[in-house]
2 protein chains.
Amino acid sequence: MNNYSSKLLDQVVEEFAKLPGIGKKTALRLALHLLHKDSNDAESLANSLIKMKNEVQFCKFCHNISDEEVCEICSNPKREKSVLCVVEDIRDVIAIENTSQYRGRYHILGGIISPMEGIGPDDLNIRSLLARITDEDIEEIILALPTTIEGDTTSFYLYKQIRDLEVIVSTIARGISIGDDLEYADEVTLGRSILNRLPYESTIKK
Amino acid sequence: MNNYSSKLLDQVVEEFAKLPGIGKKTALRLALHLLHKDSNDAESLANSLIKMKNEVQFCKFCHNISDEEVCEICSNPKREKSVLCVVEDIRDVIAIENTSQYRGRYHILGGIISPMEGIGPDDLNIRSLLARITDEDIEEIILALPTTIEGDTTSFYLYKQIRDLEVIVSTIARGISIGDDLEYADEVTLGRSILNRLPYESTIKK
């Protein structure tokens, strides 16, 4: 019990504090902000949350969130149909889309294999990925999963499933971030960026 | 437009990003968290917000938020009736209550005088404070407003209004925080804590 002299306020603080990265103090600040304002921010937030929960769908092809049965990316005729980028979740799609460097489509696994959290291959959208590779005219699968033990395990699991299916399996480049000093880079990243060096000409903009 | 492939998600992100200290990235993380979970966190948050906005009241005496017409503190017979602590907003009440050192009641101004933001004395709960001093059996008014230009202006304004009303007007002590080194304290605070020095015996716990 927080004892903010109002159980109604307590309840809102409790709910906010369930969100990731929001502690009790921040939750209280948010709740009081929504309470104090003459505006109807609290109602707008509440209504948009309920509307999202009730109406949002997941694309039947790539599992991206969508307002329709098929998401904007999958239904866009300008996107290359032959390349699929496999990602962990929706945030990764947003991050890649923000670069404007990728014109193919996506496949969202909805997680990665993690025995610690009890997530196995069957909990992820892997069967639908294999079905797409068989059914659609896919030429390349780009694995863009995290470089953690779980991510690497998932990438390797997918590679074993896909390698006999006559598609190219690639993975996004890892290396020193652009603008970063070499001396501050971690050894694993620096080591890998030396091993995976590229012909200089390929990095020059034409 | 954020273009997260779902206008429903966009809307929730927009609403979260209106909250203080929540940027677009955090808003997106919160929205996706509420979207992904199998739980009904989104509905609980939405419902508690609507309930709070519709049902919360402000205590008719001290203006604290409350579920009843009179708040828990004002209606508590164990609280001293003769002392009122004047604070800027509800958060200050919570902070003081957490110390368990104050047994009087409160009066919440709902802000401080700030010509920059167009807040004058008439926008604050000052008239009701003066009425309480006259009507109730108040012996002491403790000013616990911020030590900013606006806070000091408000304190001085209140002092001028109250000084002829036969109550003691006091203000909370400012000084070096307990546990802080003197060398790191700012000069104003250190200077004031020397000017406002206390008899040593009064600080010894008995």
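**Exercise 1. The contact between the chains**

Work out how many residues the contact takes from chain B and from chain A, and which elements of chain B take part.

*Solution.* In this predicted model, the contact takes 44 residues from chain B and 44 residues from chain A. On the side of chain B that touches chain A, two or more residues each come from α1 (7–17), α2 (24–36), α3 (41–55), β2 (65–66) and α4 (90–99) of chain B. The element that gives the most to this side is α3(B), with 13 residues. If the residues of the side of chain B that touches chain A are then sorted by character, they divide into 22 nonpolar, 10 polar and 12 charged.

**Exercise 2. The relation between the copies**

Determine what turn and what shift lay chain B on chain A, and name the relation that follows.

*Solution.* Begin with the superposition: a turn of 180° and a shift of 0.1 Å along the axis lay chain B on chain A with an RMSD of 0.1 Å. Because a turn and shift of this kind are the relation of a two-fold axis, the two chains can be described in that way. The same surface serves both copies, since 100% of the contact residues of chain B recur in chain A. To place the axis, look for the residue of chain B that comes closest to it, which is B:Ala46, with its C-alpha at 2.0 Å. The residue B:Ala46 also appears in a contact across the chains, for A:Leu49 is in contact with B:Val12, B:Leu34, B:Ala42, B:Leu45 and B:Ala46, leaving aside neighbours within four places in sequence.

**Exercise 3. The surroundings of B:Val86**

Decide whether B:Val86 is buried or exposed, and find which residues it contacts.

*Solution.* First locate the residue, which is found in strand β3 (residues 83–87) of chain B. Next count its surroundings: B:Val86 has 24 other C-beta atoms within 10 Å, and because a residue with 20 or more counts as buried, B:Val86 is buried. Leaving aside neighbours within four places in sequence, the contacts of B:Val86 include B:His107, B:Leu109, B:Leu129, B:Ile141 and B:Leu158. The last of these, B:Leu158, lies 72 residues apart from B:Val86 along the chain, yet their C-alpha atoms are separated by 9.7 Å. Finally, consider the largest nonpolar core, which has 88 residues, and where B:Val86 is among those that touch the most other members, together with A:Ala31, A:Leu49, A:Val86, B:Ala31 and B:Leu49. In soluble globular proteins, nonpolar side chains tend to be buried together.

Definitions and conventions: Residues are numbered from 1 along each chain as its sequence is written. Chains are lettered from A and ligands numbered from 1 in the order in which they are written. This is a predicted model: local features need pLDDT of at least 70, side-chain atom pairs count only at pLDDT 80 or more; totals for chains, interfaces and linings use all residues. Copies are superposed by least squares on the C-alpha atoms of residues with pLDDT of at least 70 in both. Two residues are in contact if their C-beta atoms, placed from the backbone, lie within 7 Å. Helices (H or I, at least four residues) and strands (E, at least two) are DSSP runs, numbered from the N terminus. Ala, Val, Leu, Ile, Met, Phe, Trp, Tyr, Cys and Pro count as nonpolar, Asp, Glu, Lys and Arg as charged, and the others, Gly among them, as polar. A nonpolar core is a set of buried Ala, Val, Leu, Ile, Met, Phe, Trp, Tyr and Cys residues joined through C-beta atoms within 7 Å. A residue is buried if 20 or more other C-beta atoms lie within 10 Å of its own, exposed if 12 or fewer, and partly exposed in between; C-beta atoms are placed from the backbone.
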